[in-house]
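Subject: Structure handover, with notes

Hi,

Here is the structure I promised to pass on. Could you have a look at it alongside my notes below?

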Amino acid sequence: MTILEVSNGFGLLLPHRVFRADPQGLPTAEVVEIRRLDDLRNATLNNPIFAPVEWPVAAQLPNGDAGNHFIYARFQQPIDIDSVMDASAGAAADSNLRGPISILAVNASTGITTNIVGRAFIGGQTYGAVNPDNSTELLLEKWIGLEGGQPVALTPEGDGFPGTQSAAGFAGAADLVSPNTFVFIPDADGDLSTIETFPAGVQIRMRMTREVRSKAGGLLEQAGLASTTVGLDSIPPEISVAGADNDPIIIPGNGDLDVDPETNILVEFTEPVQIRTIGELPDNAPPPLSAAVLLQFGPSSNVVTVPFAARPLSVYDLSRLELIPAYNFPGSGPVDQGLSCGSFSTVRIIVNAGQFSDLASVPNVNTLSANTNFTTGEGAGLVNAPVLPDAIYVARGGSKPGISVIDLNGFGGGTGNPTYDDQNPIVKGNSNFPNNPNLALQGSSLLPPIQRGTCTVDGGSAGVFSLAKDSALSDLLATSPILESVGDMALGHSLDNTFNNALPFGCQSGGGNICASTGLKLVQIAAGGANTQAPSTVSTFPIKTVSGAENLVSWAPQPNPPPLTFPPLCLSPLIGALEPTSIDTPLNNLLTPGPLPLGNPAANQPPQGLLSPEQNGFFVGPSPPQQNIAACFTFMMRQQVGQFLYVIDRVASQIVVLNSNRFTVIERISLPDPTSMAMSPNLEFIAVTNQNADIVSIIDTNPVSASFHQVTKSINVGRGPTGIAWEPGNEDIFVCNQGEDSVTIISAFTLEPRKFLRNQINNPIEVAITPRQLGFGFLRGVYFAYVLNGDGSVALFESGPNGVNGWGFDDVIGQPSFRFDNPKTIQVDLANLNSAVWIVHENQIGLNGLPTGETGGAAANLALTSGLFGIIPLDPGAFVSPSIRDLGFSVVSTIGGNQLTGVPVDIAFDNQRNGTSLTNYSTQFSAGFPLSINGKSVVKPVNAAFAAVSAPQFMFLAVPNSSEGPGVVDVFNLGSGFGRFDTDPFLPGVQSIPAPGANGLCDFIRQ
C-alpha cells in the first residue's frame, strides 16, 4: 500500500518534487518525484523542494467554477474503509475519521492544533443516515457516482461534492470517486450544498499514518503528511507543541530520564520543512554542525555541541525529522553506585529562531526558539581502554560473550571508577590514575594538561592486571549486540594514519589540530633498554628515522590511554580523547619502571612505577593547536592511539573489526564459517579458515589498499580447516585440515596451495612456526613448523629449499619423542631464537618428558636444544629422505595442575618490551618487502645481528573453569622460576585475574 498522490485539485502536495541536481548540487531541468531517500538527496540549499500549491481564497474548483475546497489522497490499492472511517454516530465531531487519516488546522504561532470538521468519502461512499437497526451506528451510503468521467450526486446529500455543482469538468475529477481515493471536504454546517473553504491563516494538514490499510489487508508502507494554506503561504514553520504547557514535540525531551545514550532524536514541525536547513542527510560524509538545532551536553564551562545528520521518518512526511548524532551521548554512569556523570549526562536541545524554512514559494523561516532536555541512563557505556604495548585481549564465552582488556599500564585515564581518596590512595576498585606521578606532581603543566577524572567517562584505570572498564563499569567492552560470539582475535595496523584530523583533509567537523599533521610526524628511534627502543634526543643518535609513520606498537601513549575530553578534539573523524603528552612539554616523564607496580595496600602505598621493567612510554605527542603550522614541532605519536582489532564472530559468520581503544565497530566482513585466523607479518592480509566451507579467505588489511577490508581471494584447502599460522618470514601459510588429517601449505607469494602434508599428521588442531635460521639459532638456514596433532604428538616440518643444492626437506621430518595429553593450543616461544614453542595441554609432563602424575591443566616449553650448526646440504650426503638430522628437542620448562587453577585453553605473552619499531626480518625466500615498523616477525635485525622481537615478562593462560571461579586468566612470571604471579595485592594468597568465561587470549605478535 503506497501513496500515489495527495492534491487539493490545484496542484500536487505529495509526493514532493525537486529538480534533479547536477554534481555541484545545482538544479537541472529534470523534475524528480521524491519517493525514496535517494530522490531527496537532490534537494540542496540551492535546489529547494518545490512549494506546495495553495487553495485560492475563494470557494472555487480547479476549473474556476464555484465549489467546495477539497483535498484527496490516492493510493495504489483500494482502501479498507473501516481502517480510516468510523461508523459510530458519536464520531461526527471528528468527521467520522478513526485517526489513520486526519485533517488538521495548525496555528503555528500558538501551537494549537484543531480538527477540521468536514465529510470524508472513499469511492464516493460516506457514512450518512443513522442505521435504523442500531441508533449508535451510521450507514455507509453511496452518495457519488460517475457520468461521462465526472462526479455526479446520486442523492441530494451528495450535491456539493467536487464537480457535482459544475457544468464543466476538471482534470482528475474521476479519480475522486475511485475506491483507491480518500476525499475530504470542509463542511462545518453539515450541508455540502453550501460551499465552504478551508480556514485561512493556518496550515491545513492531511496526515496519513501507516495504519491506513488496503482491502487486501496491507499497511501503508510509508506515512505521509501533506500541508498547504488558503491563499499565499506566509505562515512561518515552527516546532510543534503539545500539552497544557505547550511542550515542544521533541523526543526524547521535556526532562525524560534514563534515555539510551545511543538514542536518535525526533523533532516534529508544524509543517514540512526544507530538510537541508536543519541538517545534512546521512551518508558517508561527516555531518556538520547545525545552526538551526543544537544538541549539547557538558558543563557551561565546557559545552559540547554534537553534530548530527537529519532524515525524515518518511519521504512523504517532511514535518517529522530524526536527528542522528555523529556519536553517542555519554551515559550517566552507574547511579546506584553514586557515580552519576551530572552535566555530562544531561543533553540540551536548543532550537534557534530564524534558521530553518518551510517549502513556500517565498520561504518563511521560524520565528520562535525552543529548548528542552533529557538525561541519559547508563546505556552500553563508552569505552576508552589501554592500548598496546600495555594490553592483553581476552575472549570471553558463556551466556554473555564479549571481549575484555587486561591493563598492563595501570596509570591511564580511561573509562572507569573515578573514586579516589587522598588519605587512602590504594583502595581496590578505586582509580589509580591520580597516582600517576605525571598527574599528581605536574598534571597542570603537561601539554595537554591532565587532571583527576570526575566521572566514569574519565575515571581512570584501577591498576595493573585489572580488566579495563567502560563508563557503565562493565569489564565486557564488546558484547551483544556488537558481537554474538568471540573466537580468534588478531591486531593489525595502528589507527592513526587512517582516522585522524591531519592534513590534507584535516578535521572535517568540529575542532582539529594542524599540529597533528602527518607531514609533521617524524619518528626518530634510538636504542633504549636492552629490549626496547626510545625516541632519539639531541644526545642520542637515531638508528632509524621514519616520516609519517603510524603510531608505534613499541611505545605506549602517556597516559595510556589519554582521558576522554569534552568537546572532543575533532568531531569527524571522531577523536574523543586528549592527545598523548606533547613533545613540547618542558618536563621529564616521571612515570618510569620502578618498585611496587601493584602497590602495597597493607602499608597504604599506592603503585609507584610501571609494570614494564624498561621504559616504554614517552612524551612524543603533537604540539598543542597553533594558528600557523610553522609554530608546530615534529612529533612521534598522536590520536587515535589504538589498532585495528579483528575478531571472529562465528555465530554471525563475520569478522568484526573494532577500534582496540574505543571498541567501536569499524567494519563487518561476512564469511562462510570463520573459525581461526592468522595475520601476515607485514600486516597486509589476514588468512581465515572456514571450517565447514573447506576454504581459506584472504582479507586485505592494508588501509591504503583499494580493496581494504575486502575478501580478495578464497583458497580451497582440505576438509575441515581449523588452526592456521603465517610463517613469520612471510614465506608460507600453514592450514590444519582437521577433517582429513592433512596440512595445506599456501605460498605467501601466490596465495595458492603449494604443498599438502599427510606424513605423521593426525587430527591436526594448531600450528606454530619459528623463523628461518639465517644468522641466528642453529644457523640451519630453514624454518620449522610445529604441527600439534590431536593425539598429543607434534609433527616437525622443516622448510626447503629442497632438491638439487637444497638444504631442507620441505616436509615433515619427524616427531619429537614427547606426548602432550589432550592438547589445546600451541604458540611460539618469543624469547628463544633457537626455535621453541609453548604447548597448552592436560596432565603435566616432567623435563624428562614423562608424566609427573600431576593431573589437570599443564603447559610445556618444547625447544630445539641441540644439533649440528650450519646449513647441511641434502645432496650429496647421508640425508636423502626426511629425517630430524641430528636435531635434539627437550622440554625445558613445564607447568602443572599444582600451579594452575584449572585446565587452560589458550596462551599469550605481554609485549611491554618489544622491537616491532625495527624493520621486519626478511630473507631471499620472503614474499614482498619487509614492513618498516609494526611488523610481526619473531626476530628483528639489529646492527648486523638478530634479536627476539619481544622480551615477555609474563605468560597468560585462559582458564574457563577455575578453582577461583567461572573463568580466570592465570599469570606466570617468566623471569622468576615460572611461578604463578599474584595479580591482586588486596587479597591474601596468589590470585588470578577474574574473567568469567575466559577462553581465548590475544597479544600483538600472536600467530
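What follows is a walk through the sheets, a few loops and some backbone oddities.

First, the ground rules. This is a predicted model, so to speak of local features I needed pLDDT of at least 70, and side-chain atom pairs count only at pLDDT 80 or more, while totals for chains, interfaces and linings use all residues. Residues are numbered from 1 along each chain as its sequence is written, and side-chain values use heavy atoms, with hydrogens and water left out.

On terms: helices (H or I, at least four residues) and strands (E, at least two) are DSSP runs, numbered from the N terminus. Two strands pair if DSSP finds at least two bridges between them. Buried means under 20% relative accessible area, exposed means over 50%, and partly exposed is in between (1.4 Å probe, protein chains only).

**The five-stranded sheet**

One open sheet has five strands in the order S19-S26-S25-S21-S22, and its pairing is mixed. The edges are held by S19 (256–259) and S22 (304–306); each has a single partner strand, so one side of each has no neighbour in the sheet. On average, neighbouring strands here are turned by 30 degrees against each other, direction ignored; the axes behind that are lines fitted to C-alpha atoms (for helices over the stretch in contact), with angles from 0 to 180 degrees between N-to-C directions.

Within this sheet, S25 (346–351) and S26 (370–376) run antiparallel and are joined by six bridges. Arg-348 sits opposite Asn-373 in S26.

The loop between S21 (293–297) and S22 holds Ser-300, which is exposed at 74% relative accessibility. Ser-300 is 48 residues from Pro-252 in sequence, and their C-alpha atoms are 21 Å apart in space.

**The four-stranded sheet**

A second open sheet for your list has four strands, ordered S52-S53-S54-S55, with antiparallel pairing. Here S52 (825–828) and S55 (887–895) are the edge strands, each pairing on one side only. The average turn between neighbouring strands of this sheet is 25 degrees, direction ignored. S53 (836–842) and S54 (857–867) pair antiparallel over seven bridges, and Val-840 faces Ala-859 of S54 across that pairing.

**Strand S50 and its partners**

Have a look at S50 (794–798) too: five of its five residues are buried, so the strand is largely enclosed by the rest of the structure. Both faces are covered, with Val-794, Leu-796 and Glu-798 buried on one side and Ala-795 and Phe-797 buried on the other.

S50 pairs with S49 (784–789) through five bridges, and the two run antiparallel. Phe-784 has Glu-798 of S50 as its bridge partner. The hairpin of S49 and S50 has four residues between the strands, and Gly-792 there takes a positive phi near 95 degrees. S50 also pairs with S51 (811–814), again in the antiparallel sense, over three bridges. In that pairing Glu-798 stands opposite Asp-811.

**A buried serine in a loop**

Ser-962 lies in the loop between S59 (954–959) and S60 (968–973). Is it buried or exposed? Ser-962 is buried, at 13% relative accessible area. A polar atom of the Ser-962 side chain lies 2.9 Å from the backbone nitrogen of Glu-964. Leaving aside residues up to four places away in sequence, Ser-962 touches Thr-901, Gly-967 and Val-968 (contact means heavy atoms within 4.5 Å).

**Backbone oddities**

Two cis peptide bonds are on my list:

- Leu-447 to Pro-448 is cis, with omega about -10 degrees. Pro-448 is in the loop between H3 (437–442) and S29 (478–479).
- Gln-639 to Gln-640 is cis, with omega near 0 degrees. Gln-640 is in the loop between S36 (574–575) and S37 (643–649).

Then there are positive phi values in residues other than glycine:

- Asn-934 has phi near 65 degrees. It lies in the loop between S56 (906–909) and S57 (939–942) and is buried, with a relative accessible area of 0%.
- Phe-978 has phi near 55 degrees. It lies in the loop between S60 and S61 (979–980) and is partly exposed, at 22% relative accessible area.

Cheers

Notes
A polar contact is a pair of N or O atoms within 3.5 Å; within protein, one must be able to donate a hydrogen and the other to accept it, and residues adjacent in sequence count only if both atoms are side-chain atoms.
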